[in-house]
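Colleague: I would like to learn how to read the enclosed and open spaces in a model, and then how to describe a pair of packed helices. Could we take these topics in turn?

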Amino acid sequence: MQQAAPFGRERFATRRYNETTAARATSHKLTNQILPRTCIVASIALTACGPSPPQPAPSPPPSQSDAIVILLRPGPAAWFDATEDRGAGIDYELVQRFAQQHGLDVKIVPSANPMQRLNDVGSGAKIAGSGIYRSATGSPSTNAAPRLYSSTYHSVYPVLIYNIDGYHPESWKDLAGESVALLADSSLVPQLSTLREAHPEVDWQLLALPTTEALISQVSDGSLSYAIVASNEAEAVRNVYLSFGTGFQVGPKLDLVWAFPATQAQLRDLVDAFFANARRDGTMQRLIERYYTHVPVPRLDAGAFHDQIKSTLPQLRAHFERAQDATGVEWRLLAAIAYQESKWDALATSETGVRGLMQLTEETAKHLGGIDRLNPQDSVLAAARYLHDLKDRLPARIPEPDRTWLALAAYNIGIAHLEDARILAQKQKLSADTWSAVKKTLPLLALPEYYEDTKFGYARGGMPVAFVDRVRAYYGILLAQEPPLKPRLKMLSDIVDPAPTSPQSDPTVPGVK
């Protein structure tokens, strides 16, 4: 797998996006597998006006030796930099899984306008993704260039967003004479052409901004009063930009798809089959829940968190980074846990006796070597070691990010009660290895008809669900606000010979089978 060099915080509104320099990629080799060659016969429609236009000759199916160039637009839900050597986002993960399944090399290239770049023969691109929309009644674009499109992998709506310190519009009649912004290169622009014609009373602005997130940030900071974005992208940054709200839905449902040159029918068919399989085995739903379902943080709480990021986090950041160096647990995740536990108060003490930045129990502190819970460095390192140990104790087959969310639940309620909840999930024919399933059974541990049949009995199972949700919300804000740690030992090697690292798998330990 090849991907462009990480663009880090360049994806956010305050940084300029440079497509040329961001397009540097490193190669990731994937498992070899020979693809089946299928014959696709395309029908040619005849017209009464004369002979039909020449049909593009179909290209052969992709092979192991071909590096497939895939154009993705960076965004808060589609593709962003999660760690120093790995991206995240639904389109990014679908690309990875598709390439791995078929033993292909791919080169992901960031593009401000994937559809336009797809028209450029010199780009060599075979797939454009990330924010390619198709309406229920129309094509994804009014572009005259012939294109093929995949099946739908998710549906969204165009929505009007507004600055919450201004007027809250409820319909188009509230926007007469107002300016409404659209991202100039967005695939929403051709989709909303009819809408714009139907509302000449609105001053439509097409802005050349690097990302949808940049557009949302300008509404949030008051530079713009109104804008139209896709519902999923508005939801993805709700906890990051606190001063915008959603006014109303402005158009019909839009389907998210991938686009291909007209010659790539066989590649399109492979992607369609991959999407269909991902829907059947639950992979697509898990990715949708991960990237399109966000736990909102109350505005007052989120505002306080943003203030603490500026005022308190700089004093604690070194402790979190040292703990990542020592244990491999991502520093922003540790910071999110600490904020949920103590609001970053190193001297915090609860009525139950847990103390310090990470709110460790005395028993846990003794188990980890008798550390001083009120010492921030000791507390963070101990918590990181404890979370790493909990992840190790889960079955090795559980992948990320479910592995981390389940370990966080165990961090809060104990691994014994987590195992009870996983067994309940199995009994209810749910997956014991996914957080989306186990979060449904954890609250059942407070009900006698369930906990009386468990090994470890009653537990306040709703607490770890709320804990994980809040940690994930804070973690998402930190991913957007703070860059990943660049390990000190990697600095020189990155300059001389950049190479991705592979995540280490955790050993199998007893647990739910």
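Modeller: A cavity is a set of grid points where a 1.4 Å probe fits but cannot get out, whereas a pocket is an open set. In this predicted model, there are four cavities of 30 Å³ or more.

Colleague: How much space lies in the largest cavity, and which residues are closest to its centre?

Modeller: The largest cavity holds about 180 Å³ of space, and 22 residues line it, with R73, S130, G131, Y133 and E233 the closest to its centre. Strand 7 gives the most to this lining, four residues, and by class the lining has 10 nonpolar, eight polar and four charged residues.

Colleague: What lines the second largest pocket?

Modeller: The second largest pocket, with about 920 Å³ of space, is lined by 33 residues, of which V354, T361, Y411, N412 and I413 lie nearest its centre. Among the elements that give two or more residues to this lining are helix 15 (402-413) and helix 16 (415-427), while the largest share, five residues, comes from helix 19.

Colleague: How should one describe the packing of helix 15 and helix 16?

Modeller: Two packed helices are described by the angle between their axes and the distance between the axes. Here helix 15 and helix 16 pack at an angle of about 125°, with their axes 7 Å apart, and they are therefore oblique to each other. L406, A409, A410 and I413 of helix 15 make the contact with I415, H417 and L418 of helix 16, a set with six nonpolar, one polar and no charged residues.

Note on methods: Residues are numbered from 1 along each chain as its sequence is written. This is a predicted model: local features need pLDDT of at least 70, side-chain atom pairs count only at pLDDT 80 or more; totals for chains, interfaces and linings use all residues. Side-chain values use heavy atoms; hydrogens and water are left out. On a 1 Å grid over the protein atoms alone, a cavity is a set of points where a 1.4 Å probe fits but cannot get out, and a pocket is an open set with protein on both sides within 12 Å along at least five of seven lines; lining residues have an atom within 4 Å of a point. Grid points are joined across faces, edges and corners, and a volume is the space filled by probe spheres set on the points. Axes are lines fitted to C-alpha atoms, for helices over the stretch in contact, and angles run from 0 to 180 degrees between N-to-C directions. Angles under 35 degrees count as roughly parallel, over 145 as roughly antiparallel, 65 to 115 as roughly perpendicular and the rest as oblique. Contact means heavy atoms within 4.5 Å. Ala, Val, Leu, Ile, Met, Phe, Trp, Tyr, Cys and Pro count as nonpolar, Asp, Glu, Lys and Arg as charged, and the others, Gly among them, as polar.
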